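Q: I am new to this structure and would like a close look at a single part of it, taken slowly and with its surroundings added afterwards. Please take me through the enclosed spaces inside the protein.
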Amino acid sequence: MTRGRGHALLAAIVATIAALSVALYAGVAADDGTAHRAGPPGSPHPHNSAAPASTGNWVGTWATAPAGAEPGTEATGLAGRSVRNVVHTTVGGTSARITLSNLYGRTPLTITHASLALAAGDGSAAALPGTMRRLTFAGSPRTVIPSGGQVTSDPAPLAVPHDTDVLVTTYSPTPSGPVTYHPHARQTSYLADGDRTEDVTPAAYTERTPYWRYLTALDVLSPEADGTVVVLGDSITDGVSSTMDADRRWTDVLAARLRAAREAGRNVPHYGVVNEGISGNRVLTGGRGRPADNPSALSRFPRDVLGRTGVRAVVVVLGVNDILRHPGAADPDRILDGLRTLVGQAHARGLKVVGATVMPFGGHRGHTAAREAVRQEINAEIRAGRVFDAVADFDKALRDPYDPRRLRSDYDCGDHLHPSDKGYARMGEVFDLDDLKGAAPATL
């Protein structure tokens with residue numbers, strides 16, 4: 001089902017599907033653990049034996065990386081306001097759970113009410129009738145997330161389709177300090193005054209926002225998905241310059257291709273795709289603050305990749321900001337060593353890593369001959385197989401054949417760094433799905 005289409009049909013059948021999902025809840029689950037108690041990011045997910053279970057695998061259907069402390073929220077956070085995040089699924093399931101983060105909060109974050117619903121698909125904050133679910137945390141509607149911590153909800157029985165929008169709403173009545181957020185969502189979410197957490201109609205949600213707040217993951221109990229592929233990247237993975245509210249990031253294209261391939265009978269993994277891109281992200285260096293805004297890939301890898309539910313494979317699309325943001329000519333060996341460190345951490349967990357070449361940025365204000373030489377050296381090592389287990393050669397796929405230092409004009413959004421919608425589609429189309437098969441290579 002695509003955005004804005006098929007919701008009338010879904011409204012007709014959702015009650016039946018929901019009833020079936022509740023019935024299935026009496027079965028036995030295949031789970032990798034559930035974090036029902038608040039703890040530090042990346043902490044193990046303790047299993048809640050009291051939670052109902054069903055058949056299938058817990059996998060990530062959507063996720064985002066906490067990227068910083070939202071400016072202007074230092075004193076009161078969003079006390080007294082309902083935050084309705086809109087997110088898009090990549091695989092479906094019979095029930096769902098969420099993860100909330102207070103990574104950048106300086107005081108505990110009290111959530112007294114949270115809900116989950118399917119979006120009505122009308123471009124507003126409206127929920128599809130019959131799908132609103134109140135969320136609990138260790139059996140209680142209230143949870144307190146410590147400064148720097150995160151918490152995962154109890155599972156909620158709800159038939160969640162693939163390729164559809166989901167509303168996740170939270171309410172906090174008390175000041176909590178800086179709000180943990182992701183600024184470049186490329187998705188419109190909503191705010192309302194007061195506790196309007198279970199409002200089905202959009203009337204109270206008068207403020208539109210391009211941010212995701214607090215929410216960092218949506219997992220589903222899927223009877224068909226094998227696991228999750230986590231994509232770690234920068235603004236190019238984040239989808240900067242892609243059309244708002246249209247799900248045209250390259251990872252959206254990858255998710256659609258994986259699903260279509262499985263439906264066509266191809267022997268490829270059926271993975272949920274979660275996007276852990278942060279605009280401006282670097283392999284080696286994070287931003288300012290404690291914890292750092294825009295944390296480096298090295299520092300966030302345990303939380304944003306290894307800590308994701310059901311992770312089976314990793315894709316790394318990083319390096320351009322390490323080159324561009326260095327005051328002189330960045331050291332290619334240091335960048336390559338950083339990438340290899342990420343691969344080593346993934347291999348220690350048995351995960352295969354697909355890595356991308358660094359795409360061209362000729363014509364961008366930061367382009368110089370020295371930086372171009374660094375890019376070429378890094379790409380040569382990647383193509384030679386001395387960094388990753390497999391290679392997605394996005395440089396080759398998107399460069400101008402007449403000037404390989406630049407993006408091809410129709411793949412360029414106009415800033416000579418970020419792809420257009422067509423360029424993002426090209427990235428998703430050239431990714432070899434077979435590269436996601438298997439696990440980390442054996443060490444001799």
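How do the residues of the lining of the second largest cavity divide into nonpolar, polar and charged?

A: The model is a predicted one, and in it the lining of the second largest cavity divides into seven nonpolar residues, two polar residues and one charged residue. The residues in question are Asp234, Ile236, Val317, Leu318, Gly319, Val320, Ala356, Thr357, Val358 and Met359, and the space that they line amounts to about 80 Å³. The charged member of this lining is Asp234, while Gly319 and Thr357 are the two polar ones, because glycine is counted here among the polar residues.

Gly319 also offers a way from this lining to helix α6, which covers residues 332-348 and contains Leu339. Although Leu339 and Gly319 are 20 residues apart along the chain, 8.5 Å separates their C-alpha atoms. Leu339 has a relative accessibility of 1%, and because anything under 20% is taken as buried, this residue counts as buried. When its neighbours within four places in sequence are left aside, the residues in contact with Leu339 are Val283, Val316, Val387 and Phe388.

To set the second largest cavity in its context, the count for the model comes to five cavities of 30 Å³ or more, and the largest of them has a volume of about 160 Å³. The largest cavity is lined by 18 residues, of which Trp62, Trp212, Arg249, Asp252 and Asn275 are the closest to its centre. Its lining divides into five nonpolar, nine polar and four charged residues. At least two lining residues come from each of the strand β1 (57-63), the helix α3 (250-263) and the strand β18 (271-277), and it is β18 that gives the most, with four residues.

One further buried position, Thr131, can be described apart from the cavities. Thr131 lies in the loop that runs between β6 (113-118) and β7 (133-134), and it counts as buried because its relative accessibility is 0%. A polar atom of the Thr131 side chain lies 3.2 Å from the backbone nitrogen of Leu118, and the numbering of β6 as 113-118 places Leu118 at the end of that strand.

Conventions. Residues numbered from 1 in each chain as written. Predicted model: local features only at pLDDT ≥ 70, side-chain atom pairs only at ≥ 80, totals over all residues. Heavy atoms only, no water. Buried < 20%, exposed > 50% of the residue type's maximum accessible area, 1.4 Å probe, protein only. Polar contact = N/O pair within 3.5 Å; in protein donor to acceptor, adjacent residues only side chain to side chain. Contact = heavy atoms within 4.5 Å. 1 Å grid on protein atoms, 1.4 Å probe; cavity = no way out; pocket = protein on both sides within 12 Å on 5 of 7 lines; lining within 4 Å. Points joined across faces, edges and corners; volume = space filled by probe spheres on them.
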